[in-house]
Amino acid sequence: MRTIRCSAAVATLAMSLLNLPIALDDGGNGVPTPAAWLISLLGVVGVIAAIALLRSAAWATPAVLTVGALNLIGAVVALVRSWDGAVIGLVLSAAGTGLALAYAVGRTAKTPQTS
C-alpha cells in the first residue's frame with residue numbers, strides 16, 4: 001500500500017506543479033483569466049494534498065481524489081479545445097486519481113470490520 005500511496009502522491013504533485021504557472025502564462029491557449037487563476041489555485045491545493053498523502057494525513061486521500069477528478073475534467077476540456085499539454089494532463093490526472101482510489105479501496109479493505 002505504501003508504494004501505491006507514494007505513487008499517487010507523486011502523480012498528483014507532478015500534475016499540480018504543471019498547474020501552478022497557468023495564471024501567469026497559459027502557453028498561448030487563451031484560457032480565460034478567472035479560469036487560469038482557479039487552475040493555479042488547484043495546483044496549490046494539489047501540492048498540499050500530495051504532501052499530506054505522503055505524510056498519511058487522514059484527510060489527504062479524499063483531497064487527492066477531488067484534485068484528481070477536477071484535473072481530469074480540466075484535461076477533457078483541454079482535449080476538446082486542442083490545448084497544449086492536454087494529453088499529459090489527462091495521463092497524470094488519471095494516474096493520480098486511479099492510484100489514490102486504489103489506495104483508498106485497499107486501505108478500507110484492510111480495516112477490520114467490527115459488529
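**S82 counts as exposed, with a relative accessibility of 62%.** Welcome to the first close-up of this predicted model, in which local features need pLDDT of at least 70, side-chain atom pairs count only at pLDDT 80 or more, and totals for chains, interfaces and linings use all residues. Residues are numbered from 1 along each chain as its sequence is written, and side-chain values use heavy atoms, with hydrogens and water left out. On the accessibility scale used here, buried means under 20% relative accessible area, exposed means over 50%, and partly exposed is in between (1.4 Å probe, protein chains only). S82 sits in the loop between α3 and α4. Its phi is positive, about 60 degrees, although S82 is not a glycine. Most residues other than glycine have a negative phi.

**S56, in the loop between α2 and α3, also has a positive phi.** The value for S56 is near 60 degrees, in a residue other than glycine. S56 counts as partly exposed, at 42% relative accessibility.

**Stepping back, the chain has four helices and zero strands.** Read from the N terminus on, the elements run α-α-α-α. Helices (H or I, at least four residues) and strands (E, at least two) are DSSP runs, numbered from the N terminus. Along the principal axes, the C-alpha atoms fill a box of roughly 55 × 25 × 25 Å. Of the 115 residues, 34% count as buried.

**A8 and T12 share a view of helix α1.** A8 is buried at 0% relative accessibility, and T12 is buried too, at 6%. A polar atom of the T12 side chain lies 2.8 Å from the backbone oxygen of A8. This is a polar contact, meaning a pair of N or O atoms within 3.5 Å; within protein, one must be able to donate a hydrogen and the other to accept it, and residues adjacent in sequence count only if both atoms are side-chain atoms. A8 also has a partner far along the chain: L99 is 91 residues away in sequence, yet 5.0 Å away in space, C-alpha to C-alpha.

**L65, in helix α3, offers a contrasting pair distance.** L65 and T33 are 32 residues apart in sequence and 25 Å apart in space, C-alpha to C-alpha. L65 is partly exposed, with a relative accessible area of 22%.

**D26 is buried in the loop between α1 and α2.** D26 has no salt bridge, and the nearest side chain of opposite charge, R81, is 9.8 Å away. A salt bridge is a side-chain nitrogen of Lys or Arg within 4 Å of a carboxyl oxygen of Asp or Glu. For charge, Lys and Arg count as positive and Asp and Glu as negative, while His and the chain ends are not counted. What the D26 side chain does have is backbone company: a polar atom lies 3.0 Å from the backbone nitrogen of G28, and the side chain reaches the backbone nitrogen of G30 at 3.0 Å.

**The largest pocket holds about 640 Å³ of space.** Of its 27 lining residues, the closest to the centre are M15, N19, I22, I39 and A78. The elements that give two or more residues to this lining are α1 (2-19), α2 (33-54), α3 (60-80) and α4 (86-110), and α3 gives the largest share, six residues. By class, the lining has 17 nonpolar, seven polar and three charged residues. Here Ala, Val, Leu, Ile, Met, Phe, Trp, Tyr, Cys and Pro count as nonpolar, Asp, Glu, Lys and Arg as charged, and the others, Gly among them, as polar.

**A search of the whole structure finds one cavity of 30 Å³ or more.** On a 1 Å grid over the protein atoms alone, a cavity is a set of points where a 1.4 Å probe fits but cannot get out, while a pocket is an open set with protein on both sides within 12 Å along at least five of seven lines; lining residues have an atom within 4 Å of a point. Grid points are joined across faces, edges and corners, and a volume is the space filled by probe spheres set on the points. The largest cavity contains about 30 Å³ of space. Its lining consists of A11, T12, M15, V67, G68, N71, L92, S93 and G96, with at least two residues from each of α1, α3 and α4. Four of these lining residues are nonpolar, five are polar and none is charged.
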